[in-house]
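Here are a few friendly notes to read beside the model. Please keep the structure open as you go through the points.

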Amino acid sequence: MSDPTQYVLSGCGAATMQGGPDPYGLIPDAAVAIDRERIAWVGRSVDLPLHLRGWESIDLEGRLLTPGLIDCHSHLVFGGDRAHEFELRLNGASYEELARAGGGIASTVTATRAASEGELVASALPRLDALIAEGVTTVEVKSGYGLDRETELAMLRAARRLAQLRPVTITTTFLGAHAMPPDYEGQAEAYLTEVCIPALRAAHAEGLVDAVDGFCENIAFSASQIDLVFQCAAELGLPVKLHAEQLSHQGGTALAARYGARSVDHLEYAHEEDAVAMAKAGSVAVILPGAYYTIRETQAPPIDLFRKHGVPMALATDCNPGSSPMTSLLMAMNMGCTLFRMTPQEALTGVTTHAARALGLSDRGRIAAGVRADLAIWDVTRPAELSYRIGFNPLHETIFEGQRCSR
Ligand code: DI6
Ligand code: FE
């Protein structure tokens, strides 16, 4: 579509997520001026400066404008699927039992190693398209189903390639410490020092790594093992984040906070000291209700403690073939509200401002002069409608870097 490079969106409500008296930073009769890939001005239509009145105007006919949504935790690139395991779980097996029996993550590792880079891209695209269809303009994608140098790098290259094929920003996260590959069973340190850390260095040298993650859990790596990976990340100047306290309390949060982690994710079993440490470190709590729902976890993350200690909360899909085969960020918002009693305002902040923060991106996640023109236009009037509905997609149009992308 050929667009003007300078235009004004008007006739809309804008949830700027900028604070102020309204919790959504809502401007009821808003105008948003876009100058190429940036927002040039935002405010009430009546206050639109004279010099912008000559720009082409696009009437949004009363629709709601929000920042483009951000999925800050996904495992979008992988081979195969785990529908069979889903069926086994429904016949009584637990997630941990399946993982210990060589199923779970290991079966996805086999399928991912067997896939070419092109196949990884092709299988990820429909999942990415499902996110984009809901107004998502930034997606974080992790490696972690290769567990060898070649496949970890192939996953990250596939992730980078996605951004060339669709109007979306992809950030990449190295998750070599996701699970133990079968040939290193019982030899975590050897795997980390011989495979994972060298793979991280190689991926970084190729410019494939925006952040480093790990899975700190009794079925994966201990906090002191993750520490080895984080030491390498620190040496390379890479920010860290961590899957922590998802199934049990392992102390990963305290470790991550010591490294000033961008985010700590899952957190069902986090304690009050963890929330305090995260607040001090400025780490975002990434809440992943899709995994909680899928594995039928019963311990909810301590949302009240995050509120009490001022820990910013994000929400994400955790899209992965095992514990969260979910490609709907709107569904994650609904689940965050219904399962964890997050407010619709916390949910929308969690997929915009706080999600941007979890990725270290200060140029998006809100509607303000100077930030990227990544916007979602919705056929709703109240922001709460985005969390309230189940399985309904009210997206009208997305704007990515100032370019209009019809649904
Ligand atoms: N935690 C999760 O929920 C996913 N990874 C992780 O570290 C599970 C990934 C999978 O089961 O394939
Ligand atoms: Fe995850």
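1. Four donors count as tetrahedral if all angles lie between 85 and 135 degrees, and as square planar if opposite donors are over 155 degrees apart and all others between 65 and 115; anything else is irregular. Donors are N, O and S atoms within 2.8 Å of the metal (3.2 Å for Na, K and Ca), and water is not among the atoms, so sites may look incomplete.

2. This is a predicted model, where local features need pLDDT of at least 70 and side-chain atom pairs pLDDT 80 or more, while totals for chains, interfaces and linings use all residues. Residues are numbered from 1 along each chain, ligands are numbered from 1 in the order written, and side-chain values use heavy atoms, without hydrogens and water.

3. The iron ion (ligand 2) is held by NE2 of His 73, His 75 and His 243 plus OD of Asp 318, at 2.1 to 2.2 Å. The arrangement is irregular because the four donor atoms subtend angles of 82 to 167°. Along the sequence, the donor residues follow the spacing H-x1-H-x167-H-x74-D.

4. Which side chains make polar contacts (N or O pairs within 3.5 Å) with ligand 1? Tyr 145 lies 2.6 Å from a ligand oxygen, His 178 lies 2.8 Å from a ligand nitrogen, and Asp 318 lies 3.4 Å from a ligand oxygen.

How values were computed. A polar contact is a pair of N or O atoms within 3.5 Å; within protein, one must be able to donate a hydrogen and the other to accept it, and residues adjacent in sequence count only if both atoms are side-chain atoms. Four donors count as tetrahedral if all angles lie between 85 and 135 degrees; four count as square planar and six as octahedral if opposite donors are over 155 degrees apart and all others between 65 and 115; anything else is irregular.
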